[in-house]
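Let's take a walk through a protein structure together. Keep the picture in view as you read, and pause at each stop to find the parts named.

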Amino acid sequence: MTDDPKLQPFRTLAPPPSPAAPPLLEPRTEEDLIREELERGILFTTMDSVVNWARANAIWPLGFGLACCAIEMMAIAGPRFDISRFGAEVFRGSPRQEDLMIVAGRVSVKMAPVLRQLYDQMPDPKWVISMGACASCGGVFNNYAILQGVDHVVPVDMYLPGCPPRPEMLIDAVLKLHHKIMNEPLGPKRAKRLADQKVELIPSTQRFGR
């Protein structure tokens, strides 16, 4: 749990300041007894904070490995980097059980509809990390066969530069995504943000050979 009060979703009752310690034989008041009971097992928070805290600390990534960046992505699940410390080690084989898509590597024009279909099959709320220069802007593959940025197909929440980026950089991107999730609104505001993220396949479905 972080020490930053802005990112701390819970707070407890603090004891009132006293100028001097009471005598040992002085009986405690009823107010003191009630405060002591409250401090034992009651947390005060908001619905937005507790929901976002649970979502941020239980991210299940969908590893969409397409090139050499996928090797670096696989490394974060190993014992050396251990992404399980941050609740993001559960790589499932089905998009219906995931809420974070990590696009690792270049995306070809043929692969773009498949990527979009997997994204649509993921349940809400869902997030996307564009890992590496190839996924973010096409990298060195500036040609007709490679998509010049995966954000033409799916909305991207976090861009991770590098060719390829180190596993530590991917872990840092996941932690920055935690901060973003912790500050996300719930209800109508979130629905509006998701509606603003609707992305159409560019420039039309004819580009993808369909």
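**A guided walk from sheet to helix**

Strands E3 and E4 run parallel and are joined by 3 bridges. If you would like one to look for, find Ile129, whose bridge partner in E4 is Met158. Keep in mind as you explore that this is a predicted model.

Now step back to take in the whole sheet. Strands of a sheet pair through backbone hydrogen bonds, and the pairing can be either parallel or antiparallel. Here, 4 strands make an open sheet with parallel pairing, in the order E1-E2-E3-E4. E1 and E4 are the edge strands, each pairing on one side only. From one strand to the next, the twist averages 15°.

Next, turn to helix H4, which spans residues 112–121. Which residues of this helix are buried? They are Ala112, Pro113, Leu115, Arg116 and Tyr119. Looking down the axis of H4, you would see these buried residues fall within an arc of 160°, so they line one face of the helix. Among the parts that cover them are three strands you have already met: E1 (61–65), E2 (100–104) and E3 (127–131).

Another helix to find is H6. This helix lies across E2, E3 and E4, and runs at about 150° to E3. H6 is also a good place to start looking at salt bridges, of which the whole structure has 4.

One of them links Lys180 with Asp157, with the closest N and O atoms 2.8 Å apart. Lys180 lies in H6 (residues 167–182), while Asp157 sits in the loop between helix H5 (133–137) and strand E4 (158–160), so the pair ties together parts that are 23 residues apart in sequence. Are the two partners buried or partly exposed? Lys180 counts as partly exposed, at 29% relative accessibility, whereas Asp157 counts as buried because its 11% is under the 20% cut-off.

A second salt bridge stays within H6. The side chains of Asp172 and Lys176 meet at 2.7 Å, N to O. Both residues lie in this helix, 4 residues apart, which is about one turn. Asp172 is partly exposed, with a relative accessible area of 36%, and Lys176 is partly exposed too, at 44%.

For a last stop, find Glu168 and Arg166, which form a salt bridge with their closest N and O atoms 3.1 Å apart. Glu168 is partly exposed at 38% relative accessibility, and Arg166 is partly exposed at 41%.

Methods
Residues numbered from 1 in each chain as written. Predicted model: local features only at pLDDT ≥ 70, side-chain atom pairs only at ≥ 80, totals over all residues. Heavy atoms only, no water. Helix = DSSP H or I, 4+ residues; strand = E, 2+ residues; numbered from the N terminus. Buried < 20%, exposed > 50% of the residue type's maximum accessible area, 1.4 Å probe, protein only. Arc of directions from axis to C-beta. Contact = heavy atoms within 4.5 Å. Pairing = 2+ DSSP bridges. Axes fitted to C-alpha atoms, helices over the stretch in contact; angles between N-to-C directions.
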